[in-house]
Amino acid sequence: MGRRSSQKKNAAMLDSDDTDSVSSSSTVRSDSMVVSGSEDVQFDRETFLDQCLDDLYEKRGSTREKALAAIIESFNSNLQHEFVEKKFATLLHQCIGSIKRGSAKEVALAAHAIGLLALTAGPGDKSQEILEDSISPISEALRSRSEVSKMSSLLECLAIITFVGAEEPEQTEKSMQIMWQVAHPKLGPNVKAGRPSPAMITTVVSAWSFLLTTVDGWTLNQKSWQEPIYYFSTLLEKEERSVRIAAGEALALIFEVGSLEKFAGESKGSSDGSNSEADKSRELVHIQGLRGKILNQVRNLSTEAGGKGSAKKDLNSQRNTFRDILEFLEDGYSPETSMKVAGESLSTTSWAQLIQLNFLKHFLGGGFVKHVQENEFLHDVFGFNPKKKFMSAAEHRLSASEKRLYRSPNSCLNKARTQLLNKQRMISQDKNTGHYAVCFNEMA
């Protein structure tokens, strides 16, 4: 089977350089005006985020939810480095408080905000603190097994903060084990019994695979691999296509990092060398049989016919994914993808890179382009080096979403300004009242 000429090439332009085409007559300003405009925008952003942070102390849950949603949009639209430098610890611990005590919606928002905080901070002391302080509350919240949206956000948050903050393999393995306990409640202590939904299984497998991309497969112990390989094989037989695709990609990644061979190698003998040659031979045959079973499953899913009521888009997605997996298993070719970000190509050439790209695109949503362009951590992850260009006056202007956040009459920022002006007015009135009283007494 030769390498398919139709390998994925996503040439979609994720961002355009429309600002470059703005006529010079509308963008030429003095240097002082550009600096002033930039400072005004930065002031608006910081003041807005300060007000949102204050709202996280409010007793009313709906107020905290709105503040968290605004923080998420703000962190998506711009990399808030200055705010993180000044208010990192406060935001982190308010979000952790929301995870411990908030509604399902508030927990989901707080978890997403913590993930964005880690991505903005990047590797280092801050991201390590995020991981150390958040992992226990997240693990505890996952045991509640409540709404899917809440559980998914917690799992994605755990994946992101581990991806950024973990420095030791043991930290990553711990997070992967927490995820595994969600899919297999019986394995976790004090976990309520119950079968996870297909959506939950998809999220668990995707998050687990995302973290596996950072681990050297040969450093993990045998028990870390044995159950996932069998489990993912059974998931290929499930009805839900999202579950099949997530499991297929996880198995492709396991093959890519050589972990099935590691599993076979470790199984050939025990630590005391007591296994007989016959035992070793049977185990090797068993592993080869498992690989053959997976190969047949992948081949069938790559050509599956659509049944009654099946969505054509989902079916095509499944076929394309499993054709890539089949080609990889048979010929060793990993899928290659390429997409345009602000006119420059971001490419992937392995399953690990593709899984990382898809997971981060899903997590960041509308903020993906901004982060890929300006987040140095993501530049390192993808080996992406966008050209740096001088920020024109036009680029210092607020985007449409930022105008809603910072400039609309009902924005948190304008409410904060109104409160400040009222307070200043009251202070001024008090001073004037005192002044008039003194004058009156002197006249008397």
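Begin by selecting helix α6 (residues 125-142) together with helix α8 in this predicted model; the axes of the two helices come within 10 Å and cross at roughly 15 degrees. Because angles under 35 degrees count as roughly parallel, that crossing makes α6 roughly parallel to α8. If you turn the view to look across the pair, the crossing of α6 and α8 is left-handed.

Stay with α8, which covers residues 169-183, and show the side chain of tryptophan 180, then add tyrosine 231 from helix α10 (residues 223-235). Tryptophan 180 and tyrosine 231 form an edge-to-face aromatic pair, with 5.2 Å from centre to centre and 80 degrees between the planes. This pair links distant parts of the chain, since its two members are 51 residues apart. Both tryptophan 180 and tyrosine 231 are buried.

Next, extend the selection to phenylalanine 232, whose ring forms a further aromatic pair with tyrosine 231. Here the arrangement is tilted, the centres lying 6.1 Å apart and the planes standing at 45 degrees. Tyrosine 231 counts as buried because its relative accessibility is 13%, under the 20% cut-off, and phenylalanine 232, at 0% relative accessibility, counts as buried too.

These rings belong to a wider set, for the structure holds ten aromatic pairs. To see another part of the aromatic content, select Phe163, Phe210, Phe359 and Phe377, which ring pairs link into a cluster.

Now move to helix α4 (residues 81-101) and helix α5 (residues 104-121), and display them together. The two helices pack at an angle of about 150 degrees, with their axes 9 Å apart, and α4 and α5 are therefore roughly antiparallel to each other. As with the helices at the start of the tour, the crossing is described by its hand, and that of α4 and α5 is left-handed.

Keep α5 alone for a moment and compare its length with expectation: at 1.5 Å a residue, its 18 residues should span 26 Å, and the end C-alpha atoms are 26 Å apart, which agrees. Colouring by accessibility would bring out that α5 is mostly covered, with 16 of its 18 residues buried. Following the chain past the end of α5, you come to glycine 122, whose phi is positive, near 75 degrees.

For the last stop, select lysine 126 and phenylalanine 88 and show both side chains. The charged end of lysine 126 sits over the ring of phenylalanine 88, at 5.8 Å from the centre of that ring.

How values were computed: Residues numbered from 1 in each chain as written. Predicted model: local features only at pLDDT ≥ 70, side-chain atom pairs only at ≥ 80, totals over all residues. Heavy atoms only, no water. Phe/Tyr/Trp six-rings, centres within 6.5 Å; stacked < 30°, edge-to-face > 60°. Helix = DSSP H or I, 4+ residues; strand = E, 2+ residues; numbered from the N terminus. Buried < 20%, exposed > 50% of the residue type's maximum accessible area, 1.4 Å probe, protein only. Lys NZ or Arg CZ within 6 Å of the ring centre and 35° of its normal. Expected span 1.5 Å × (residues − 1). Axes fitted to C-alpha atoms, helices over the stretch in contact; angles between N-to-C directions. Parallel < 35°, antiparallel > 145°, perpendicular 65-115°, else oblique. Left-handed = near helix turned anticlockwise from the far one by under 90°.
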